[in-house]
Protein chains: 4
Amino acid sequence: MKVGILNVTAYSGLELVRILARHPEAEVTSVTGRSAAGRKLAEVFPHLTSIPLTVTEEITETVDLVFSALPHGASAQKLAGLLDQGVKAVDISADFRLRDAEAYRDWYKVDHPAPEYIEDSVYGLTELHRDEIASAEVVGNPGCYPTAAVLGLAPAVSAGIIEPDVIVDAKSGVSGAGQKLDRAYLYSEVNENLRAYALDGGHYHLPEITQELVALDDGSEFKVTFVPHVVPMTRGILATCYAPLRPGALGAGVGKQREVQDLYKSFFEGEPFVEVATSPPTTKQTLGGNSCVVYPVVDERTDRLVVVSCIDNLVKGAAGQAVQNMNLMFGLDEAEGLRELSLYP
Amino acid sequence: MKVGILNVTAYSGLELVRILARHPEAEVTSVTGRSAAGRKLAEVFPHLTSIPLTVTEEITETVDLVFSALPHGASAQKLAGLLDQGVKAVDISADFRLRDAEAYRDWYKVDHPAPEYIEDSVYGLTELHRDEIASAEVVGNPGCYPTAAVLGLAPAVSAGIIEPDVIVDAKSGVSGAGQKLDRAYLYSEVNENLRAYALDGGHYHLPEITQELVALDDGSEFKVTFVPHVVPMTRGILATCYAPLRPGALGAGVGKQREVQDLYKSFFEGEPFVEVATSPPTTKQTLGGNSCVVYPVVDERTDRLVVVSCIDNLVKGAAGQAVQNMNLMFGLDEAEGLRELSLYP
Amino acid sequence: MKVGILNVTAYSGLELVRILARHPEAEVTSVTGRSAAGRKLAEVFPHLTSIPLTVTEEITETVDLVFSALPHGASAQKLAGLLDQGVKAVDISADFRLRDAEAYRDWYKVDHPAPEYIEDSVYGLTELHRDEIASAEVVGNPGCYPTAAVLGLAPAVSAGIIEPDVIVDAKSGVSGAGQKLDRAYLYSEVNENLRAYALDGGHYHLPEITQELVALDDGSEFKVTFVPHVVPMTRGILATCYAPLRPGALGAGVGKQREVQDLYKSFFEGEPFVEVATSPPTTKQTLGGNSCVVYPVVDERTDRLVVVSCIDNLVKGAAGQAVQNMNLMFGLDEAEGLRELSLYP
Amino acid sequence: MKVGILNVTAYSGLELVRILARHPEAEVTSVTGRSAAGRKLAEVFPHLTSIPLTVTEEITETVDLVFSALPHGASAQKLAGLLDQGVKAVDISADFRLRDAEAYRDWYKVDHPAPEYIEDSVYGLTELHRDEIASAEVVGNPGCYPTAAVLGLAPAVSAGIIEPDVIVDAKSGVSGAGQKLDRAYLYSEVNENLRAYALDGGHYHLPEITQELVALDDGSEFKVTFVPHVVPMTRGILATCYAPLRPGALGAGVGKQREVQDLYKSFFEGEPFVEVATSPPTTKQTLGGNSCVVYPVVDERTDRLVVVSCIDNLVKGAAGQAVQNMNLMFGLDEAEGLRELSLYP
């Protein structure tokens, strides 16, 4: 199986290279990049010395699947041509996440460049859309924040135990911002610092979260407040999700705690990459690995459900989930190439 | 004015030394510590080479005021003796924060060692209790999280624009945990890691937050969910506070944003250490300084108020506010010794 | 092939678990620990949820090889018993690194607990002792600093181009200190801080470095100054090595640079885990991987050789090299289990 | 006393604002900047809310002294005009550090823009040139690395106890690179990473170090190898300096250690900002303060002097020393505005 990566020099593109290097069935044969075109990948990123690829402007090989780590807009445009030729695609950009071209325009302030492919595309949150992904031509790989938030809330929404009124307070390492050259991302500015952002107008991952929660709740309205924060670390997302318990949905007293645990464990039973923890998880448990660790707890003083959800934003939040989806699209074991333990400490 | 510090070797005790070294009216003349007793302070903490103090087991000088950085329980016990002798006190421990000895027992699992002093003590959140502090014999210096959270919510609660149903999602640098020798606080464990804690049973700063919000809201019930997180940085707290707007409390449309800003600016008018920001603040703006930067914003999609509040946990969240309170107790300019700009970057 | 790990709860023990989990030929069947004995490994270290091992006090299975992550002294004592039974061993402690029991006593201030095994043991710097390791019963896995320093200097010493008078200025992430509960290793103390240590009396990795350089130089005297530093990061060692060029050993002018590069490339030709870089390496290039990246450069103003050498202290500096040695001892491909790319960023 | 700052938006310019805000005799009345011109300083750097300055393109007030945080080249050019008008200057750029216009051209690859001022300028390493600084019109404020290295070596060179053959292995926080927008300075690249740089051709602080050591040694030749490293922290420099002891310069045996300590203590006696430590210092001891902590030790195995020297690169390594020099130039107490204790932890 031959694979191409569009814009390999993005952090998520490089993470694909790392993961696929150990994949027994897939071989990366063509990688593109703009500023690095013509150079060996290992020259630009010396940790890849053992990878003999050269960066080109366009995909130069016949490939079975392309991953795109291009910016949104550019991504769908480039993928449209490849999809026309029958190449399958997993798009790590935002272009195939929203089911609705108008919502796309509202949030991204541009017309969708390939609206004809939206309908056939599948939202690639693997645990929720496994079957559709298996037969999809193009998968819109979820954003990092939505992956953590939706997996954290899915069992509760699906079981109807919470009101459609949630708050997602998410904290992310700074690699999610990629290699953007802006004072705000310099080491001296991020280190020993903490900030909330996207408070005015909202973050463009919000509609994605809402879309998936609504779908799980049979289409009801969902009030979602989503506030992302930048934390001084490179990798990792921890989303703390809050929602009022629906009155009467759970039994009374301390039993609630166990009831919620059971409900979560049962929802994710057999999932290779979601773990329901029995004590509060840390992002480090997921460092470099494809797992999502979810910890639900009932705040009995306020009858609120609190869920902590941790991922590595570049793995389950990007490249790892993309490979998980690729595996499904080609009938492989879903966990192929993704079984590595997390790095600790 | 002579000042003593109980348990000076705690981070908050050392921060008192740093701040008071530049205070023109107060002189630290006696500092205690257990394991360091008999040693020069500068031997144990070499950044204090210029400070000629020796650590002793007990306060050895006649002092006008003591700060206590002792653990709770031990603190009130030791302070009781000093208060009996007419020494004023600012207690950085939790012993004089809760107005109610029973609540104290519930949360701290011990009987209050000096309940007779509770009634006369004042909760030292300076901006809310300035007048009582000025005439107090003993001040219970607020916890770091409550300082950030209550200052962030006070204008809204006081004006009655939010429902008594708030979520405080707080993120803190690890110096708040002091010098506790536990694997969880080792560099290799905190670095590149993020975790929520105190999810089962609640954090002991919760009753303090609730107590103050209830007082601001004329005694109504208040539902408060408080989830603290440890972030890989040394200093700084950012509290993100969420509450539903009370229907009709604000006008409609985009005017809400400005209305809330105005309300906050007016509430904190003239405050030397609270700044109402017009863009999302960062903890680094407060590094080493006594300021609290508050940023209120309305999430119009959900009619929720979101407030971001930043402090340096060791300054406004501990030693700085303690000095601010001391200044009031002795009729000095409230800002004396506290005017230093933050360290940046 | 069955493998045991003594003191699995040390960082190097846990790193062995991580690496061996992907090793196709070796299975970890027994792991010991003192404080964690009786508990599931995954309970104590939740990132290991998928590993079904329980910590025991002693090795409970018949194993072909044990790794020891015990402290020195305790390690040789425990290993002696297992070696007597014909189990092979790779000792990550310092007990089988020095060829000389007296030097051991001088540096470690205790008598060697199993001197009878010293002579048959092999110093496990794989690239220098490959053949002896292949037939060894017990391998003394090198210290992290010596691994970086000796690989950085070996080609130059071996070719006789430098004087036997070197300075190794080494900088290490703090995971090298393990989980030692000491104020010096708390996050708040290590973060935004930098220090040199072991300046009085010398670091116990010094005799190891000297021993290997002397051996490479046919036994001449070697003056070595070794100063280690703690850097605020978790993993990674960068050793900067300095030595005067032997007069006349290299040609004149700019050709020296190339001559040295060629000499290094030729020395390490075919090595799976040593890379001779053509631009200054960074520790991040080695994060989580088993490689050592070496960069030699001539300071023409002073006729000094400067070599920068980078490793991940827990992989090539501990567990990775231990597995590399195990592979050799069992006739496996030396790189088995060790081919993962480094984590970036 | 009125003071202007050229290019205030540089980290060293902002640090000047922080330090001068507490200076009782100097008032910053005019600050320049290019991209921020026309904006309030507090808008661009919100931690400066209490500072009412507006950034302008040129100095708009009559000032007694200007600090320049402009890039080299631009700095001398701009200062020449102001010096002509009788304004005194402390130049934080490199333009007035080298005594020799040719050396300047060799290292900076441009002609010096105001060579006529070189002769009258003074190298502003306060401890070595105090008297000349007091009467200077223009002071070339030292580079951060030379400040640490030269103070670390000055007593030894001056006493003639070392050979003129030194190695300076220096490690710096990344704020020394300013706000340069380059992938290499992004948080994700610097964090958990360590690198040496300027290995080919040498760092432009080298001639400054050599110039000062030669001057201290009565003009003999000096071989200096200087290798700087970037460490994942914001502030702080630790320079580890190595030099062979001159045979016979010190007595034999353990007395050497004390002899060197005494020599250092005597050299720096009475210095307000240099501390000779009796145990290895850490950069954190200097965080935010103007001190340089020096720790000399004899490596008796190799008869080498090792000196560890720590500063805050933005204070003693830039803005703090600049203010120290300004104080001297105006006959003020040298320590005015610089007595703040370091931030800890």
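Which residue just after α8(A) takes a positive phi? To find out, keep in mind that what you have open is a predicted model, and begin the tour in chain A.

**Stop one: helix α8 of chain A**

Select residues 206–216 of chain A, which form helix α8, and then step just past the end of this helix to A:Asp218, the residue that takes a positive phi, of about 60 degrees. Going back to the helix itself, you will find that α8(A) is mostly covered, since nine of its 11 residues are buried; among them are A:Leu206, A:Pro207, A:Ile209 and A:Leu213, together with A:Glu208 and A:Glu212. If you now show the surroundings, what covers these buried residues includes the helices α4 (101–108), α5 (126–134) and α6 (144–158) of chain A, as well as the strands β8 (165–172) and β10 (223–230) of chain A.

**Stop two: where chain A meets chain D**

Next, show chains A and D together and look at their contact, to which chain A gives 13 residues and chain D gives 13 residues. On the side of chain A that touches chain D, these residues divide into six nonpolar, five polar and two charged. Chain A can be laid on chain D with an RMSD of 0.0 Å by a turn of 180 degrees, with a shift of 0.0 Å along the axis, and the two copies are thus related as by a two-fold rotation axis. Because 100% of the interface residues of chain A are also interface residues in chain D, the copies meet through the same surface.

**Stop three: the sheet of chain B**

Now move to chain B, where an open sheet of seven strands follows the order β9-β10-β8-β11-β14-β13-β12, with mixed pairing. Select β9 (195–196) and β12 (274–276) of chain B, which stand at the edges with a single partner strand each, so that one side of each is left without a neighbour in the sheet. Then select β13 (residues 292–299) and β14 (residues 304–311) of chain B, which run antiparallel and are joined by seven bridges; here B:Tyr295 stands opposite B:Val308 in β14(B).

**Last stop: helix α10 of chain B**

Finally, select residues 315–329 of chain B, helix α10, and follow its path from end to end: a straight helix of 15 residues would span 21 Å, whereas α10 spans only 18 Å between its end C-alpha atoms. Along the way, look for a kink of about 45 degrees, which is centred on B:Gln321. This helix, α10(B), is mostly covered, with 15 of its 15 residues buried, and it is followed by B:Gly331, whose phi is positive, near 70 degrees.

Terms used:
Residues are numbered from 1 along each chain as its sequence is written. Chains are lettered from A and ligands numbered from 1 in the order in which they are written. This is a predicted model: local features need pLDDT of at least 70, side-chain atom pairs count only at pLDDT 80 or more; totals for chains, interfaces and linings use all residues. Two residues are in contact if their C-beta atoms, placed from the backbone, lie within 7 Å. Ala, Val, Leu, Ile, Met, Phe, Trp, Tyr, Cys and Pro count as nonpolar, Asp, Glu, Lys and Arg as charged, and the others, Gly among them, as polar. Copies are superposed by least squares on the C-alpha atoms of residues with pLDDT of at least 70 in both. Helices (H or I, at least four residues) and strands (E, at least two) are DSSP runs, numbered from the N terminus. The expected span of a helix is 1.5 Å times one less than its number of residues. The bend at a residue is the angle between axes fitted to the seven residues ending there and the seven starting there. A residue is buried if 20 or more other C-beta atoms lie within 10 Å of its own, exposed if 12 or fewer, and partly exposed in between; C-beta atoms are placed from the backbone. Two strands pair if DSSP finds at least two bridges between them.
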